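Here is a short set of questions and answers on one chain. Look it over first.

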Amino acid sequence: MVDNFYCEALRRAYEMEIKGKQFYEEALSRVSDPFARKALQFLIAEEEGHLDKIQRFNDHLFGKEEFDLETECRVEISERARSSLEQFMQEKLGKNLEEAKTDIEVYNAALGFEKESYLYYQDQARKESDSRLKRFFEFLEKEEVKHFELLQETIRYLSEPDYYFEDFGGWIFG
């Protein structure tokens, strides 16, 4: 937990990531499809990673910790998703259509949450004069784009599971 924030924008970013984590934890309790659950577990871990980065970056701005923006702000979500879900995606999953409708509703709500986060980080990056903060918000903005894309692909899977195994070659995160 962060006691003191370097700026209001970082405080709000931290709160948004907490809300995102809570949202995905709640969504996890409502989703039945094993693939959809795995994707939500991945997103929960992503939000936890963002919370950690925001806290460490905040500490860095106060001179308490080293934080290499070049290393820390690389967007490599595809590789993280691949290692997290690769074994799971090798199996073709059956799907109950009624469950899919409920799962898709949860994922559509998640799309809205990710879009709101993206727009906030985009706005902060555009307004920020401190190059360190600007770069950090640009990193978070790109992460939210990747999350949005992951959610869109999950919706596509839930709507058309055969798509991944016939048209897309069995791997959606590469």
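Accessible areas come from the Shrake-Rupley method with a 1.4 Å probe, and for residues only the protein chains shown count as cover. This is a predicted model: local features need pLDDT of at least 70, side-chain atom pairs count only at pLDDT 80 or more, and totals for chains, interfaces and linings use all residues. Residues are numbered from 1 along each chain as its sequence is written, and side-chain values use heavy atoms, with hydrogens and water left out.

Q: What share of the area that the chain exposes do carbon and sulfur atoms supply?
A: The chain exposes about 9,100 Å². Of this, carbon and sulfur supply 45%.

Q: How many helices does the chain have?
A: Helices (H or I, at least four residues) and strands (E, at least two) are DSSP runs, numbered from the N terminus. The chain has zero strands, and its helices number seven.

Q: Is G20 buried or exposed?
A: Buried means under 20% relative accessible area, exposed over 50%, partly exposed in between (1.4 Å probe, protein chains only). G20 lies in helix 1, residues 8–30. Because its relative accessibility is 0%, G20 counts as buried.

Q: Which side chain of opposite charge is nearest to D59?
A: Lys and Arg count as positive, Asp and Glu as negative; His and the chain ends are not counted. A salt bridge needs a side-chain nitrogen of Lys or Arg within 4 Å of a carboxyl oxygen of Asp or Glu. D59 is buried yet has no salt bridge. At 4.6 Å, the nearest side chain of opposite charge is K64.
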